[in-house]
Amino acid sequence: MKRDPPAPSPITATVDFAADGAQHGVLRLPWSRNDSAWGAVMIPLAVIGRGAGPTVLFTGASHGDEYEGPIALFDLARTLDPATMTGRAIILPALNYPAFRAGTRTSPIDGGNLNRGFPGDPRGGPTAQIADYVTRHLLPLADIVLDIHSGGRTLDFLPYAAVHALADEAQQRRAMEAAAAFGAPWSMMMRELDAGGMLDTTAEALGKVFVTTELGGGGTARAETVAIARRGVRNLLRHAGILAGPPPARPARWLAMPSAECFHIAEDEGLVEPCVMPGETVREGEILARIHPLARTGRAPLVQRAAMDGILVARHVPGLTQPGDCLAVIACAVAPGEASNRAATRPARDRKTPPRTNRGESKA
Ligand code: ZN
């Protein structure tokens with residue numbers, strides 16, 4: 001059956017992607033509304049480059065409450081000198097711009113989670129239209145894609161750059177090299193709880209070298225995590241050969257998430273007492289957090305135990321939790337070779353599993 005060609009994107013760019021120099025413009029997304037009849041969402045965009053060379057596409061604030069990306073990328077767009085470049089940087093510091101302005105993970109216009117909305121839809125809402133524009137108009141221009149995330153208002157991460165296990169070994173190796181060049185304290189072979197609709201999988205399916213990050217969180221930025229992002233974006237431009245000189249060599253410390261057991265999900269509501277912080281080593285069975293009941297005195301907390309040995313890489317941030325919240329994530333330190341050997345997809349080993357949650361601490 002013949003399928004209709006996709007509709008053209010309603011989004012227009014005010015820059016010429018092929019021109020040399022530094023251009024500061026916007027993606028203009030029509031959004032007619034009560035306070036602006038022929039109005040538009042104006043998504044900030046810089047295209048900076050010179051001559052023939054590779055292109056790196058940088059995106060931040062795909063989730064609007066994650067701040068290292070926007071800070072580092074507004075900064076990069078302001079300071080990158082095209083005279084020092086061979087190739088091009090396409091920089092979108094705040095990709096889900098309505099969410100960024102609202103300080104929320106998802107869009108206040110249509111509720112869209114941009115990093116679950118790929119490949120997008122030109123006839124969908126604003127979030128789907130942004131995803132579609134990235135998929136059809138920006139990804140084809142890029143050799144390397146860096147999508148900077150952090151934990152947002154509900155998670156706090158040990159800072160790392162991440163790649164995924166890919167069927168194409170050469171593509172995976174190039175992604176691991178780019179992630180290591182970014183120069184975060186850790187590199188991660190990342191497992192996704194929910195990979196559907198992600199920019200990650202869309203870019204990887206197009207054969208791009210795709211790197212993402214988790215750099216902190218809690219709905220704010222920290223001096224150290226901003227410094228990692230600021231260094232990392234320039235390190236990646238050096239790695240690509242767009243800026244001169246190699247990125248500073250540092251041994252990559254790799255982590256992997258060996259099974260879905262990495263994710264520790266709250267089974268009840270309550271007041272969270274964190275017992276381990278990101279970066280700390282944990283042993284299987286160790287208490288990660290206690291969830292104290294909210295309603296009455298005299299009741300024991302629910303105890304959340306580690307399902308595996310490893311390093312805590314993320315923790316829940318708000319003081320209160322609800323059932324289904326991600327409370328903690330554990331990863332394992334691995335050699336780079338082991339990370340590329342699908343340590344990330346190894347099943348959990350058999351063992352006598354102690355209860356991962358129980359009321360009170362006497363039972364284990
Ligand atoms: Zn995110």
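**Salt bridges and a nonpolar patch**

At 28% relative accessibility, R222 comes out as partly exposed in this predicted model. Its salt-bridge partner is D156, with the closest N and O atoms 3.2 Å apart. The contact spans distant parts of the chain, 66 residues apart: R222 sits in the loop between β10 (209–214) and α6 (223–239), while D156 belongs to strand β7 (residues 155–157). Unlike its partner, D156 counts as buried, at 11% relative accessibility.

That pair is one of ten salt bridges turned up by a search of the whole structure. Another joins the side chains of E66 and R105, at 3.5 Å from N to O. Here E66 is in the loop between β4 (55–60) and α1 (68–79), and R105 is in the loop between α2 (97–102) and α3 (126–138), so the bridge ties together parts that are 39 residues apart in sequence. E66 is buried, with just 3% relative accessible area, whereas R105 is partly exposed at 32%.

R33 and D35 also pair up, their closest N and O atoms being 2.9 Å apart. Neither end of this bridge is buried: R33 is partly exposed, with a relative accessible area of 26%, and D35 is exposed, at 64%. Elsewhere, D75, R78 and R230 are joined into one network by salt bridges that share partners.

Charged pairs aside, the surface also carries a nonpolar patch of about 280 Å², made by L271, L294 and L320. Of these residues, L271 lies in strand β13 (residues 270–274) and is partly exposed, with a relative accessible area of 40%.

Key: Residues numbered from 1 in each chain as written. Predicted model: local features only at pLDDT ≥ 70, side-chain atom pairs only at ≥ 80, totals over all residues. Heavy atoms only, no water. Patch = residues over 30% accessible without salt bridge, like charges linked within 9 Å, V, L, I, M, F, W, Y side chains within 5 Å. Areas by Shrake-Rupley, 256 points an atom, 1.4 Å probe, with all protein chains shown as cover. Salt bridge = Lys/Arg side-chain N within 4 Å of Asp/Glu carboxyl O. Helix = DSSP H or I, 4+ residues; strand = E, 2+ residues; numbered from the N terminus. Buried < 20%, exposed > 50% of the residue type's maximum accessible area, 1.4 Å probe, protein only.
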